[in-house]
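I opened this entry to keep track of what I looked up, in the order I looked it up. The notes are short and follow one topic at a time.

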Protein chains: 2
Amino acid sequence: MKTNGVKLDERDLRIIEILQREGRLSKSELARRVHLSSTPCWERLRHLEDAGIIEGYEARVSLKAFGPLTQVVVTVELESHLPADFARFERAIQDHPEIHECDSLGGGIDYILKVLARDLESYQAFMDQLLSAGLGIRRYFTYVVTKPVKRSPPPVTRLTGPEGRKISP
Amino acid sequence: MKTNGVKLDERDLRIIEILQREGRLSKSELARRVHLSSTPCWERLRHLEDAGIIEGYEARVSLKAFGPLTQVVVTVELESHLPADFARFERAIQDHPEIHECDSLGGGIDYILKVLARDLESYQAFMDQLLSAGLGIRRYFTYVVTKPVKRSPPPVTRLTGPEGRKISP
DNA sequence: CCTGAAATCTATAGGTA
DNA sequence: TACCTATAGATTTCAGG
């Protein structure tokens, strides 16, 4: 990984913070918010994007609007922990849009998945298919999401020191 | 909840799909992509936003760029399952930006949290503080995220029938 | 759903401290 | 280096068909 560090000052962090919550704000309004004229603000934003600090922008969709839908959290333990087995599982995960979140975990659970399905029946049909795919899944646990309690952008700007800080893109 | 259903056709779903991945696409380019001129496309988008189907837009930030950071998945079980206890816990969750995801679950775990911290030490300090806050947490399990495997927009447009479908906003 | 046009925004050029 | 103003070209928004 290249570690050509980049200094981000308070203004850069503020730009990030604003766009994490209002991703489609116009560049001119953004400039107003951070007390800059449009050019330097535009240059800062371009830098944040080019450096890969801002990776992209996403519309956030209301699941309720499309409801009824079923969200499920699934924990997965694999049969075997050889690197090739992990790799095969992780590759397969990418092919299934139903799985929209997956993290590898330490501490007794190998993976945690977040699955979106029309209902529990189609969730189970999906899992049956996944289990039959020869991915070396030893066991899994299903936890239905009964209520989404909170979803907010990762607080990256709060975890960086108060003064300018090196960032590795 | 008002259930004034709204019909979404293929074009609307396509608009949603595109903006879920390219949230800052210009409206004129969006119109090009869905083979419309800019006015009707603009009207459709405005409707999706006004109806709350598209809730907002977010910049996606690279956690690696801000690294080293520690992501932790935490499962929580409460002492007591009275509605007031759930409510108190859920209210408290909102006040902590470190917790950027929280879902209420069925199946033996009450809540699952996603916590972002600078390192394991500050994660533990945060949890100690949360445990001392009198939220009725009986026990919790910590699973460090060793590798983010996948993150993609929820596939809402795939879960809706092929023809126009009623949506409740 | 279209065209057209005024208001606004974007991206760049050129200049100051 | 970091900021500014000015401006041509693109985009957004809306009126009218």
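**Phosphate contacts of strand C.** I began with Arg44(B), where an N or O atom of the side chain is 3.3 Å from a phosphate oxygen of DNA strand C. The model is predicted, so I read every distance here as a property of the model. I then checked Arg11(B) and found a polar side-chain atom 3.5 Å from a phosphate oxygen of DNA strand C. On chain A, I noted Lys27(A), which uses a backbone N or O atom, 2.9 Å from a phosphate oxygen of that strand.

**Surroundings of strand C.** Which residues come nearest to DNA strand C? I listed Lys27(A), Ser28(A), Thr39(A), Trp42(A) and Ser37(B), out of 13 residues around the strand. Of the atoms of DNA strand C that come within 4 Å of the protein, 72% belong to sugar and phosphate. I looked up which elements supply at least two residues each to the surface near DNA strand C: they are helix 2 (27-33) and helix 3 (38-50) of chain A, and helix 3 (38-50) of chain B. Sorting the residues of this surface by class, I got three nonpolar, six polar and four charged.

**Helix 1 and helix 3 of chain B.** Arg11(B) and Arg44(B) turned up again when I looked at how these two helices meet. The axes of helix 1 (residues 10-21) and helix 3 of chain B come within 11 Å and cross at roughly 75 degrees. The crossing angle is why I wrote down helix 1 of chain B as roughly perpendicular to helix 3 of chain B. From helix 1 of chain B, the contact takes Arg11(B), Asp12(B), Ile15(B), Ile16(B) and Leu19(B); from helix 3 of chain B, it takes Cys41(B), Arg44(B), Leu45(B) and Leu48(B). I counted six nonpolar and three charged residues in this contact, and no polar ones.

**Strand D.** I turned to DNA strand D, where 13 residues lie around the strand and Ser37(A), Thr39(A), Ser28(B), Thr39(B) and Trp42(B) come nearest. Sugar and phosphate make up 74% of the strand D atoms that come within 4 Å of the protein. Which atoms of the bases are reached? Thr39(A) has a polar side-chain atom 2.7 Å from a base oxygen of DNA strand D. Thr39(B) has a polar side-chain atom 2.5 Å from a base nitrogen of DNA strand D. Ser28(B) instead places a backbone N or O atom 2.8 Å from a phosphate oxygen of DNA strand D. Helix 3 of chain A, with helix 2 (27-33) and helix 3 of chain B, are the elements giving two or more residues to this surface. Its residues divide into three nonpolar, six polar and four charged.

**Helix 1 and helix 3 of chain A.** I looked up this pair as well: the helices pack at an angle of about 75 degrees, with axes 11 Å apart. That makes helix 1 of chain A roughly perpendicular to helix 3 of chain A. The residues in contact include Ile15(A) and Leu19(A) of helix 1 and Leu45(A) and Leu48(A) of helix 3.

**Between the chains.** Last, I looked up the interface, where 76 residues of chain B are in contact with 76 residues of chain A. The buried area is about 6,900 Å², and carbon and sulfur atoms give 54% of it. In chain B, Arg24(B), Phe66(B) and Lys150(B) lose the most area to chain A, together 13% of what that side buries.

Note on methods: Residues are numbered from 1 along each chain as its sequence is written. Chains are lettered from A and ligands numbered from 1 in the order in which they are written. This is a predicted model: local features need pLDDT of at least 70, side-chain atom pairs count only at pLDDT 80 or more; totals for chains, interfaces and linings use all residues. Side-chain values use heavy atoms; hydrogens and water are left out. A residue is near a molecule or strand if one of its heavy atoms lies within 4 Å of it. A polar contact is a pair of N or O atoms within 3.5 Å; within protein, one must be able to donate a hydrogen and the other to accept it, and residues adjacent in sequence count only if both atoms are side-chain atoms. Helices (H or I, at least four residues) and strands (E, at least two) are DSSP runs, numbered from the N terminus. Ala, Val, Leu, Ile, Met, Phe, Trp, Tyr, Cys and Pro count as nonpolar, Asp, Glu, Lys and Arg as charged, and the others, Gly among them, as polar. Axes are lines fitted to C-alpha atoms, for helices over the stretch in contact, and angles run from 0 to 180 degrees between N-to-C directions. Angles under 35 degrees count as roughly parallel, over 145 as roughly antiparallel, 65 to 115 as roughly perpendicular and the rest as oblique. Contact means heavy atoms within 4.5 Å. Buried area is the accessible area (1.4 Å probe) that two parts lose on being put together, summed over both.
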